[in-house]
Amino acid sequence: MLKFFQFSGTISGTTYFLRMLFTILLTIPGIILLFSFFGSYLMNEGFIDMNNPEGFDQLAFQEQIEANPEEFFSNLWSSFSFGWIISLAIAFLPAIWFSLASYYKRISALFYENRNNIFAIIIGFEIIGDLTGLGILDSISFLKTPFSIISLLIFLFLIFKNSDIDKDDHEG
């Protein structure tokens, strides 16, 4: 089990694709935790009443967001406690580590001599692309679509490019 999370060895394109699909399964605990956070927040704010058979007061929720969205999101942000942040980090850490190990193993199969440099460049590109897509880097937000297209092309390249390593000789 430990070999799947190590940054050593190589993998084929098919294995890389399957590992990326498995990464989706590894994110399920984090997604469940996010839903529980939002549910807890909505109950604390009174939008969800467990004693009411109808449960969720959508009209009140929509009115508060439309009336003052800055206040709503500041309240949401302020409800994040240290415990929630640590729990989310722990829940998503295996998925992040597994996907980074998968990237490294596939890049090692394709570019063994320059694997560290290419890995750093691709991870840096992906981080900048994600920050742009989330709207955190507003100064280059016009590049959201090119970042997405290039990221997809990199993903497809890593899947379909044949490595010089024999199919049965991959270690990892």
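Here's a quick briefing on the fold, the cores and the aromatic contacts of this protein. The model is predicted. It is helical throughout its assigned secondary structure, with 7 helices and 0 strands. The protein has a radius of gyration of 21 Å, while a compact globule of 172 residues would come in near 16 Å.

**Overall fold**

- Reading from the N terminus, the elements go α-α-α-α-α-α-α.
- Along the principal axes, the C-alpha atoms take up a box of roughly 60 × 40 × 25 Å.
- Buried residues account for 28% of the 172 residues.
- Take the contacts with a separation of 6 or more: 69% of them join residues 24 or more positions apart.
- Here's one pair to put a ruler on: Ser40 and Thr10 are 30 residues apart in sequence, yet their C-alpha atoms sit 43 Å apart in space.

**The nonpolar cores**

- The largest nonpolar core holds 15 residues, and the members touching the most others are Tyr16, Tyr103, Ile107, Phe119, Ile122, Ile154 and Leu158.
- Four helices each give two or more residues to this core: α1 (13-26), α5 (82-110), α6 (115-133) and α7 (144-160).
- There's also a second, separate core, made of 7 residues, with Phe37, Tyr41, Phe61 and Phe72 among them.
- As background, nonpolar side chains tend to be buried together in soluble globular proteins.

**Tyr16 and its ring partners**

- The whole structure has 14 aromatic pairs.
- In one of them, the ring centres of Tyr16 and Tyr103 are 6.1 Å apart and the planes meet at 50 degrees, so this pair is classed as tilted.
- Because Tyr16 belongs to helix α1 and Tyr103 to helix α5, the pair ties together parts 87 residues apart in sequence.
- Tyr16 is buried, at 0% relative accessibility.
- Tyr16 also pairs with Phe155: these centres are 5.8 Å apart with the planes at 50 degrees, so that pair is tilted too.
- This second pair links distant parts of the chain, with Tyr16 in helix α1 and Phe155 in helix α7, 139 residues apart.
- Phe155 is partly exposed, with a relative accessible area of 24%, and the cut-off for buried is under 20%.

**Tyr103 up close**

- Tyr103 counts as buried, with a relative accessible area of 13%.
- Leaving out residues up to four places away in sequence, Tyr103 touches Tyr16, Phe119, Ile122, Ile123, Glu126 and Leu158.

**Other aromatic features**

- One aromatic cluster is formed by Phe37, Phe38, Trp77, Phe80 and Trp84.
- Phe37 from that cluster is also listed in the second core.
- For a charge over a ring, look at Arg115: its charged end sits over the ring of Tyr112, 4.1 Å from the centre.

**Two hydroxyl residues in helices**

- Thr132 is found in helix α6 and is buried, with a relative accessible area of 1%.
- The Thr132 side chain reaches the backbone oxygen of Ile128 at 2.8 Å.
- Ser40 lies in helix α2, which covers residues 28-44.
- At 25% relative accessibility, Ser40 counts as partly exposed.

Technical notes:
Residues numbered from 1 in each chain as written. Predicted model: local features only at pLDDT ≥ 70, side-chain atom pairs only at ≥ 80, totals over all residues. Heavy atoms only, no water. Core = buried A, V, L, I, M, F, W, Y, C linked by side-chain atoms within 4.5 Å. Buried < 20%, exposed > 50% of the residue type's maximum accessible area, 1.4 Å probe, protein only. Contact = heavy atoms within 4.5 Å. Phe/Tyr/Trp six-rings, centres within 6.5 Å; stacked < 30°, edge-to-face > 60°. Lys NZ or Arg CZ within 6 Å of the ring centre and 35° of its normal. Polar contact = N/O pair within 3.5 Å; in protein donor to acceptor, adjacent residues only side chain to side chain. Rg over C-alpha atoms; globule rule 2.2 N^0.38 Å.
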